[in-house]
Protein chains: 2
Amino acid sequence: MDEEERPESSMPENVVLIGKKPPMNYVLAVVTQFNNGARSVKIRARGNAISRAVDVAEISRNRFITDIKVGNIAINSEELANEDGTKSKVSSIEITLAK
Amino acid sequence: MDEEERPESSMPENVVLIGKKPPMNYVLAVVTQFNNGARSVKIRARGNAISRAVDVAEISRNRFITDIKVGNIAINSEELANEDGTKSKVSSIEITLAK
C-alpha cells in the first residue's frame, strides 16, 4: 500500500478522506468513484471523524451501492505535531469497500 | 457469535461496551479482562462512541498489553427506537483484540 506514504494532495482517486462535513458529502464521493469504475474505495479518517467514516461506509453499502462489501478494516495510531511543538497520538481507521 | 443476540444485562465477561466515559475507563476494563485470563476481548460501540472504541483498542495494545493483536473488526447498522416511536439507524463497530 504505497499510497500510505503520499501526502493528501497526491492521494489516489479511490481514497475518500473523512473530515467534518455531513456524512452524505462523503457518501456522494464514494458512490461517484464506484460509478466511475472503481472496484474498491478506501475510506480513511482520524480521531472524531472515525465514527463518521463508519456511517459513510454503512450508508454507501446499505442505501446506494448494494453490491459492495466491506473488505479489510484497519485501525492504527498516528502521531500529529501540535501547534506548540508537542506531539499527540490520534487513532485512525481505513475501511475498504469493494465490489 | 450467539452473544450478539443477548441483551446487555447478560453480556459475557469478555465484552467491553463503550459509552461516554473517558477512554481510560474502558482501557482499564480491557486490561483487567486480559489479566484475568481472557484470550480475547471484544470492544463494542455505537454512534459517536465508535471513535472512542478505536482509541481504547489502540491504547490497550500500544501502551498496556503489547502482546495482543487486533483481530476481526466488524461494522454494522442497528435500528434504534426513538422516544417518539420513530426509528433511527445507527452505525456500530466490534473490534476483537486477541492474544
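How many salt bridges does a search of the whole structure find over all chains? In this predicted model, the search turns up 10. A few of these pairs are worth a look, and so are a helix, two strand residues and the contact between the chains.

In chain A, the side chains of Glu94(A) and Lys42(A) meet in a salt bridge, at 4.0 Å from N to O. The pair links distant parts of the chain, with Glu94(A) sitting in strand E4 of chain A and Lys42(A) in strand E2 of chain A, 52 residues apart. Neither partner is out in the open: Glu94(A) is buried, with a relative accessible area of 8%, and Lys42(A) is buried too, with 11%. Chain B has a salt bridge between Glu94(B) and Lys42(B), where the closest N and O atoms are 3.9 Å apart. Here Glu94(B) lies in strand E4 of chain B and Lys42(B) in strand E2, so the pair ties together parts that are 52 residues apart in sequence. Glu94(B) counts as buried at 7% relative accessibility, and Lys42(B) is buried as well, with a relative accessible area of 12%.

Another salt bridge stays inside one helix. Arg61(B) pairs with Glu58(B), and their closest N and O atoms are 3.0 Å apart. These two residues are 3 residues apart in helix H2 (residues 49-64) of chain B, which means that about one helical turn separates them. Glu58(B) counts as buried, because its relative accessibility is 2% and the cut-off for buried is under 20%. Back in chain A, salt bridges that share partners join Lys42(A), Arg44(A) and Glu94(A) into one network.

Now for helix H1 of chain A. Its 13 residues, 23-35, reach 18 Å from the first C-alpha to the last, close to the 18 Å expected at 1.5 Å a residue. Which residues of H1(A) are buried? They are Tyr26(A), Val27(A), Val30(A), Val31(A), Gln33(A) and Phe34(A). These residues cover an arc of only 160 degrees around the axis, so they end up on the same side of H1(A). The face turned away from that buried side carries the exposed residues Leu28(A) and Asn35(A). As for what covers the buried residues, the list includes strands E1 (15-17), E2 (40-46) and E4 (87-98), along with helix H2 (49-64), of chain A. After H1(A) comes Gly37(A), with a positive phi near 105 degrees.

Two residues in E4 strands come next. Thr96(A), in strand E4 of chain A, counts as buried at 12% relative accessibility. Beyond its neighbours within four places in sequence, Thr96(A) is in contact with several residues, including Ser40(A), Val41(A), Lys42(A) and Lys69(A). Lys87(B), in strand E4 of chain B, counts as exposed at 59% relative accessibility. With neighbours within four places in sequence set aside, Lys87(B) is in contact with Glu79(B), Leu80(B), Ala81(B) and Asn82(B).

Finally, how do the chains fit together? A turn of 180 degrees and a shift of 0.0 Å along the axis lay chain B on chain A with an RMSD of 0.0 Å. The two copies are therefore related as by a two-fold rotation axis. In chain B, the C-alpha nearest this axis belongs to Ser51(B), 2.6 Å from it. The contact takes 21 residues from each of chain B and chain A. Between them, the chains bury about 1400 Å², 57% of it on carbon and sulfur atoms. Ser51(B), Ile73(B) and Ile75(B) supply 38% of the area that chain B buries against chain A, more than any other three residues. Of the interface residues of chain B, 100% are also interface residues in chain A, so the copies meet through the same surface. The salt bridge count between chain B and chain A is 0.

Notes: Residues are numbered from 1 along each chain as its sequence is written. Chains are lettered from A and ligands numbered from 1 in the order in which they are written. This is a predicted model: local features need pLDDT of at least 70, side-chain atom pairs count only at pLDDT 80 or more; totals for chains, interfaces and linings use all residues. Side-chain values use heavy atoms; hydrogens and water are left out. Helices (H or I, at least four residues) and strands (E, at least two) are DSSP runs, numbered from the N terminus. The expected span of a helix is 1.5 Å times one less than its number of residues. Buried means under 20% relative accessible area, exposed over 50%, partly exposed in between (1.4 Å probe, protein chains only). The arc is that of the directions from the helix axis to the C-beta atoms. Contact means heavy atoms within 4.5 Å. Copies are superposed by least squares on the C-alpha atoms of residues with pLDDT of at least 70 in both. Buried area is the accessible area (1.4 Å probe) that two parts lose on being put together, summed over both.
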